[in-house]
Amino acid sequence: MNNNLLKYTTRIADNYLILGQRMSMWCSNGPTLEEDIALANISLDLFGQATAFYSYVAELDNISADDLAFKRDAVDFLNYQIVELENKDFGYTIVRNFLFDTFNFLFYQELIKSTNQQLSDIATKSIKEVKYHLRHSKNWIIRLGDGTKESNKRVQHSLNNIWKYTGELFELDHLDKTMIEEGIGVDTSLLKD
């Protein structure tokens, strides 16, 4: 059994589970009914992606996907910090999502090329949802940035605060390097530009 593959896949899944949890907090709290539904749907998409990755790990390691998602301590999660950021307000959430959605779209484009067929298949299946997430957050960034002076100021302030969390997305550790060498993982350092 490839423990590196298990850890790498779990790390991917953790990002979607945690961000899905953050997004689900908008349920019944969105600025409009339509946006409330959109945010809830994005959350469900993220949970679906997390489930796909956790199910693959469970299949490889003879463990329950639910155990991976719900029976680990917080310190055992391997997600990026950006997905943990509190929602604070709608603009803050949109900026966080835009930055992560952009990264995630590029990540999935590369994961599709993985020599691991299961990871490639999950990425191929999920890319349509990821495109929607990116289009959604991009449209809101433009709308809030071009809106009132207050919305522009708040979105810019959010970007200034959240930007510092993006550096982690492009750092490679030993696990990343091993997965890249095996043709399984994504060299996220190449996505920075």
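# Exercises on internal space, Arg72 and helix H7

About 110 Å³ of space lies in the largest cavity. The exercises below refer to a predicted model.

**Exercise 1.** Determine which residues and helices line the largest cavity, and how the lining divides by class.

*Solution.*
Step 1. The lining comprises 13 residues, of which Ile12, Asn15, Tyr80, Phe103 and Phe107 are the closest to the centre of the cavity.
Step 2. Two helices each contribute at least two lining residues: H1, spanning 3-24, and H4, spanning 90-111. With 5 residues, H1 gives the most.
Step 3. Sorted by class, the lining has 8 nonpolar, 3 polar and 2 charged residues.

**Exercise 2.** State how many cavities of 30 Å³ or more the structure holds, and describe the lining of the second largest cavity.

*Solution.*
Step 1. There are 2 cavities that reach 30 Å³ or more. The second largest cavity holds about 40 Å³ of space.
Step 2. Its lining is formed by Leu19, Ile42, Leu46, Asn97, Asp101, Asn104 and His133.
Step 3. Helix H2 (33-61) and H4 each provide at least two of these residues. In this cavity H4 gives the most, with 3 residues.
Step 4. The classes are represented by 3 nonpolar, 3 polar and 1 charged residues.

**Exercise 3.** Identify the residues that line the largest pocket and assign them to classes.

*Solution.*
Step 1. The volume of the largest pocket is about 240 Å³.
Step 2. The residues that line the pocket are Leu99, Thr102, Phe103, Leu106, Trp163, Thr166, Gly167, Leu169, Phe170, Leu191, Lys192 and Asp193.
Step 3. This lining divides into 7 nonpolar, 3 polar and 2 charged residues.
Step 4. A comparison with Exercise 1 is instructive. Phe103 appears in the lining of the pocket, and Phe103 is also among the residues closest to the centre of the largest cavity.

**Exercise 4.** Locate Arg72 and describe the surroundings of its side chain.

*Solution.*
Step 1. Arg72 is found in the loop that runs between helix H3 (65-70) and H4.
Step 2. A polar contact of 3.3 Å joins the side chain of Arg72 to the side chain of Tyr54.
Step 3. A polar atom of the Arg72 side chain also lies 2.5 Å from the backbone oxygen of Leu68.
Step 4. When neighbours within four places in sequence are set aside, the contacts of Arg72 are Thr10, Asp14, Tyr54, Asp67 and Phe77. Tyr54 therefore enters the description twice, once through its polar contact and once in the list of contacts, for which the cut-off is 4.5 Å between heavy atoms.

**Exercise 5.** Which residues of helix H7 are buried, which are exposed, and why do the buried residues line one face of the helix?

*Solution.*
Step 1. Within H7 (residues 174-181), Leu175, Asp176, Thr178 and Met179 are buried, a term that requires under 20% relative accessible area.
Step 2. Viewed down the axis of H7, the buried residues fall within an arc of 165°, so they line one face of the helix.
Step 3. His174 and Glu181 are exposed on the other side of H7. The cover over the buried residues includes H1.

**Exercise 6.** Describe the start of H7 and the residue Gly183 just after H7.

*Solution.*
Step 1. At the start of the helix, a side-chain oxygen of Asp173 comes to within 3.1 Å of the backbone nitrogen of Leu175. Leu175 is also one of the buried residues of H7.
Step 2. Just after the helix, Gly183 adopts a positive phi of about 80°.

Technical notes:
Residues are numbered from 1 along each chain as its sequence is written. This is a predicted model: local features need pLDDT of at least 70, side-chain atom pairs count only at pLDDT 80 or more; totals for chains, interfaces and linings use all residues. Side-chain values use heavy atoms; hydrogens and water are left out. On a 1 Å grid over the protein atoms alone, a cavity is a set of points where a 1.4 Å probe fits but cannot get out, and a pocket is an open set with protein on both sides within 12 Å along at least five of seven lines; lining residues have an atom within 4 Å of a point. Grid points are joined across faces, edges and corners, and a volume is the space filled by probe spheres set on the points. Helices (H or I, at least four residues) and strands (E, at least two) are DSSP runs, numbered from the N terminus. Ala, Val, Leu, Ile, Met, Phe, Trp, Tyr, Cys and Pro count as nonpolar, Asp, Glu, Lys and Arg as charged, and the others, Gly among them, as polar. A polar contact is a pair of N or O atoms within 3.5 Å; within protein, one must be able to donate a hydrogen and the other to accept it, and residues adjacent in sequence count only if both atoms are side-chain atoms. Buried means under 20% relative accessible area, exposed over 50%, partly exposed in between (1.4 Å probe, protein chains only). The arc is that of the directions from the helix axis to the C-beta atoms.
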